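Let's take a walk through this protein, starting with the overall picture and then stopping at one sheet.

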Amino acid sequence: MTKTNHPNILWICTDQQRFDTISALGNQHISTPNLDRLCAQGTAFTRAYCQAPICTPSRSSFLSGMYPSTIGASRNGNAYFADRFPLLPKILADEGYRCGNVGKLHLASASNGVEPRVDDGYSEFYYSHAPRDDWEIGHDYADWVNEKGQNLGELSMNIDGIPAEFHQSAWMADRSIEFMSRNDARPWFLSVNVYDPHPPFNPPKQYRDMFPPDSVPAPHFQPGDLEQQKYLEDIDFQSKAQSPDMLDIPNPVLPVDPAPDPDNPGGETAGERDAQTLISAYYAMIRLIDDQLGRILDALEESGQAGNTIIVFTSDHGETLGDHGLILKGCRFYEGLVRVPMIWSWPGHIKANEVRDDLVELTDIAPTLMALAGLDPLERMQGLSLQPTLEHGAVVARSGVRSEFYDALDLPHHNRATMWRTDQYKLVVYHGTGKGELFDLDADPWEHDNLWLDPAHAGIKNALLAESYDHTVASIDPGPPRSGSY
């Protein structure tokens with residue numbers, strides 16, 4: 001098949017990366033030269049929000065352009081993906097694209113090996129849900145490590161982390177470069193789904209040493225946060241709130257150092273770490289990703305394909321990382337958890353060196369990629385095409401962004417909650433509990449002062465409740481298309 005005028009698409013998605021982790025966008029404590037390079041080449045959105053703070057529902061939404069509850073994919077651990085609507089790679093494959101996936105997919109449960117797949121459009125599929133050696137067959141990363149004369153299970157036991165040259169992020173760069181070089185005669189779409197900076201917080205020591213704990217910022221925490229989390233203790237989360245100077249790391253998450261210090265038997269235990277130690281490891285994982293991103297970008301340029309390739313970089317959701325005394329994720333919608341990076345680049349088409357604060361969603365990615373590729377986005381897609389903004393600087397016409405948690409984790413209370421975030425306010429409703437949160441993000445950008453019960457804010461709360469309800473109703477799938485008037 002000869003190459004058409006459709007552009008290539010390189011979509012890089014990390015796992016659990018917060019929005020505030022890029023040097024060029026304001027974090028001077030981290031080093032991200034290649035993400036900075038991508039920002040200089042394109043447009044970065046500083047207020048991009050995921051549609052669920054959990055992996056599977058978020059991934060289902062951005063691959064379909066629809067909300068997780070609309071397409072029946074609100075939970076982690078699903079036996080299968082409902083496959084009610086076509087995914088973006090399937091749409092592109094039908095248009096002549098060669099589609100590849102490197103890393104995790106996580107549209108269904110990966111607990112027992114390679115997850116069950118639907119007709120997802122990926123003709124090249126290099127699978128590694130996580131950098132663990134717990135699949136006998138179908139784990140391409142473990143096979144790659146074996147080909148290099150190493151054993152992933154043994155490397156995983158190294159107290160200094162898996163060496164960078166054998167790391168899953170390096171495998172992803174290798175497979176991505178191979179895919180791009182093999183498919184230069186036809187338009188291609190490549191999903192690169194990096195596992196890091198997802199826990200365990202265990203980067204290679206050489207990267208951890210770049211970010212001493214005393215060189216990174218403390219989490220966003222005030223003593224009143226513990227009282228607020230006590231109020232929400234019956235709302236499911238993967239950790240219990242504690243002071244950030246000593247956080248319990250729950251199983252199966254490992255600490256940075258998997259053993260107590262034998263020279264300090266009275267010191268911290270293997271299951272405890274202060275937040276800044278976790279932040280330093282988290283930054284180190286992002287720097288390793290950044291180095292591998294640099295390899296991919298260099299290979300794209302050397303192949304002569306960079307000028308005809310759309311690049312989008314994002315993450316499925318964030319990480320609380322000590323904010324409010326929490327780590328990991330669950331039924332909360334704090335900025336560090338639901339606000340993620342979103343960077344777009346396409347030389348000569350997308351505005352360069354542009355930073356925007358429009359409210360955007362991950363549901364916008366699929367319709368935007370279709371529009372940029374010269375295809376009409378599907379009418380049922382609920383995200384907006386950002387093409388006018390990326391190409392011409394038009395303001396995104398959106399009054400707010402929405403995120404949801406519908407029994408997303410297998411935790412005791414099976415909570416359901418929704419978030420509605422406008423330019424100034426964030427409203428969270430924990431349905432069926434009578435509890436909620438309301439934050440004025442202009443006055444309180446890190447959400448320490450819950451105004452939910454404040455009589456002075458009752459009017460704005462009620463108005464936001466109505467907006468949120470209307471948006472929820474509008475997201476309901478109306479079913480098959482009409483074929484007649486009755």
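How much accessible surface does the protein have, and what share of that belongs to carbon and sulfur atoms? The accessible surface comes to about 19000 Å², and 50% of that belongs to carbon and sulfur atoms. Keep in mind that what you're looking at is a predicted model.

Now for the overall build. The C-alpha atoms fill a box of roughly 65 × 65 × 45 Å along the principal axes. A compact globule of 486 residues would have a radius of gyration near 23 Å, and the protein has 22 Å, so the two agree. Of those 486 residues, 58% are buried. As for contacts, take the ones between residues at least 6 apart in sequence: 71% of them join residues at least 24 apart.

In terms of secondary structure, you get 14 helices and 14 strands. Let's zoom in on one sheet. Here 4 strands line up in the order S11-S12-S13-S14, making an open sheet with antiparallel pairing. At the edges sit strand S11 (401–406) and strand S14 (435–440), each pairing on one side only. From one strand to the next, the twist averages 10°.

In general, strands of a sheet pair through backbone hydrogen bonds, either parallel or antiparallel. For a look at one pairing here, follow S11 and strand S12 (residues 416–421): they run antiparallel, joined by 6 bridges. Glu404, for instance, has Thr418 in S12 as its bridge partner.

Finally, look at what packs on this sheet: helix H14 (residues 458–474), which touches S11, S12, strand S13 (425–430) and S14. The direction of H14 makes about 70° with that of S13.

Terms used: Residues are numbered from 1 along each chain as its sequence is written. This is a predicted model: local features need pLDDT of at least 70, side-chain atom pairs count only at pLDDT 80 or more; totals for chains, interfaces and linings use all residues. Side-chain values use heavy atoms; hydrogens and water are left out. Two strands pair if DSSP finds at least two bridges between them. Helices (H or I, at least four residues) and strands (E, at least two) are DSSP runs, numbered from the N terminus. Axes are lines fitted to C-alpha atoms, for helices over the stretch in contact, and angles run from 0 to 180 degrees between N-to-C directions. Contact means heavy atoms within 4.5 Å. The radius of gyration is taken over C-alpha atoms; the globule rule is 2.2 Å times the number of residues to the power 0.38. Buried means under 20% relative accessible area, exposed over 50%, partly exposed in between (1.4 Å probe, protein chains only). Accessible areas come from the Shrake-Rupley method with a 1.4 Å probe; for residues, only the protein chains shown count as cover.
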